[in-house]
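Visitor: I am new to this structure and would be grateful for a close look at one part of it, namely the pairs of oppositely charged side chains. Please describe the setting of these pairs as well.

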Amino acid sequence: MAPYGKNLIKNPNATDRLDHWDVRGIWEVESPPAGVSDLSNIVEISGNTCFVTSNEWSEKSQLLDLDAIGFKQHKLDKKSVSVYVCDWFSSRTDSGSKYKVSVELLNSEQSVIQKMEFQTEMSEENGGKWQKMENLFTEYRWGGNF
């Protein structure tokens, strides 16, 4: 079965703790999340579990091999397949935070084909509310599988 139309990220909402993620810094998993609104109110998210960090810079990453997932190389090379990414994030009500995400499409040599970055700062006053980051990669020349 082709992997189109579904989230390709493994363990996107921490239901399997930190499995499938390469992490730097201090990461924990909360269920339910403390100091923020209930995740179960967001239709796109299953469960009420999330990743949390400390008050220092932390990052997590995951490399996805589209060929191994089931995308066919000849289809990727012939036409652009739209790649949709999204992430939900929040800060606690007792402290502000900074959020940054970077997503790169890589060719088979792992050179960047297309990249997007998003960052924002959240104050204590706006804490506790979930926000959505999303991007649609379109019209790129593939030639790779990451």
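Guide: What follows begins with the whole protein and then turns to the charged pairs and their surroundings. This is a predicted model, in which local features need pLDDT of at least 70 and side-chain atom pairs count only at pLDDT 80 or more, while totals for chains, interfaces and linings use all residues. Residues are numbered from 1 along each chain as its sequence is written, and side-chain values use heavy atoms, with hydrogens and water left out.

The protein has two helices and eight strands; both kinds of element are DSSP runs numbered from the N terminus, helices being H or I of at least four residues and strands E of at least two. In sequence order, the pattern reads β-β-β-β-α-α-β-β-β-β. Of the 146 residues, 31% are buried, where buried means under 20% relative accessible area, exposed means over 50%, and partly exposed lies in between (1.4 Å probe, protein chains only). Among contacts with a separation of 6 or more, 69% join residues 24 or more positions apart; a contact here means heavy atoms within 4.5 Å.

Now to the charged pairs. Side chains of opposite charge can pair when their charged atoms come close. A salt bridge is counted when a side-chain nitrogen of Lys or Arg is within 4 Å of a carboxyl oxygen of Asp or Glu, and this rule gives six salt bridges.

One of them joins Glu59 and Arg24, whose closest N and O atoms are 2.9 Å apart. Glu59 belongs to strand E4 (residues 59-61) and Arg24 to strand E1 (residues 22-24), so this pair ties together parts that are 35 residues apart in sequence. Glu59 is partly exposed, at 32% relative accessible area, whereas Arg24 is exposed, at 58%.

Another salt bridge connects Lys115 with Glu104, with 3.6 Å between the closest N and O atoms. It links distant parts of the chain, since Lys115 lies in strand E7 (residues 112-122) and Glu104 in strand E6 (residues 97-106), 11 residues apart. Both residues are partly exposed: Lys115 has a relative accessible area of 43% and Glu104 one of 36%. A network also exists, in which salt bridges with shared partners join Glu30, Arg92 and Asp94. Within this group, Arg92 and Asp94 meet at 3.4 Å, N to O, and Arg92 is partly exposed at 34%.

The strands that carry Lys115 and Glu104 are themselves paired: E6 and E7 run antiparallel over 10 bridges, pairing being assigned if DSSP finds at least two bridges between two strands. Ser97 stands opposite Met122 in E7. Five residues separate the strands of this hairpin, and Gln110 takes a positive phi near 65° there.

Glu30, a member of the network, is also among the contacts of Thr49 outside four places in sequence, which include Val29, Ser31 and Leu39. Thr49 sits in the loop between strand E2 (27-30) and strand E3 (50-53) and is buried, at 12% relative accessibility. Its side chain makes a polar contact of 3.1 Å with that of Ser31. A polar contact is a pair of N or O atoms within 3.5 Å; within protein, one must be able to donate a hydrogen and the other to accept it, and residues adjacent in sequence count only if both atoms are side-chain atoms.
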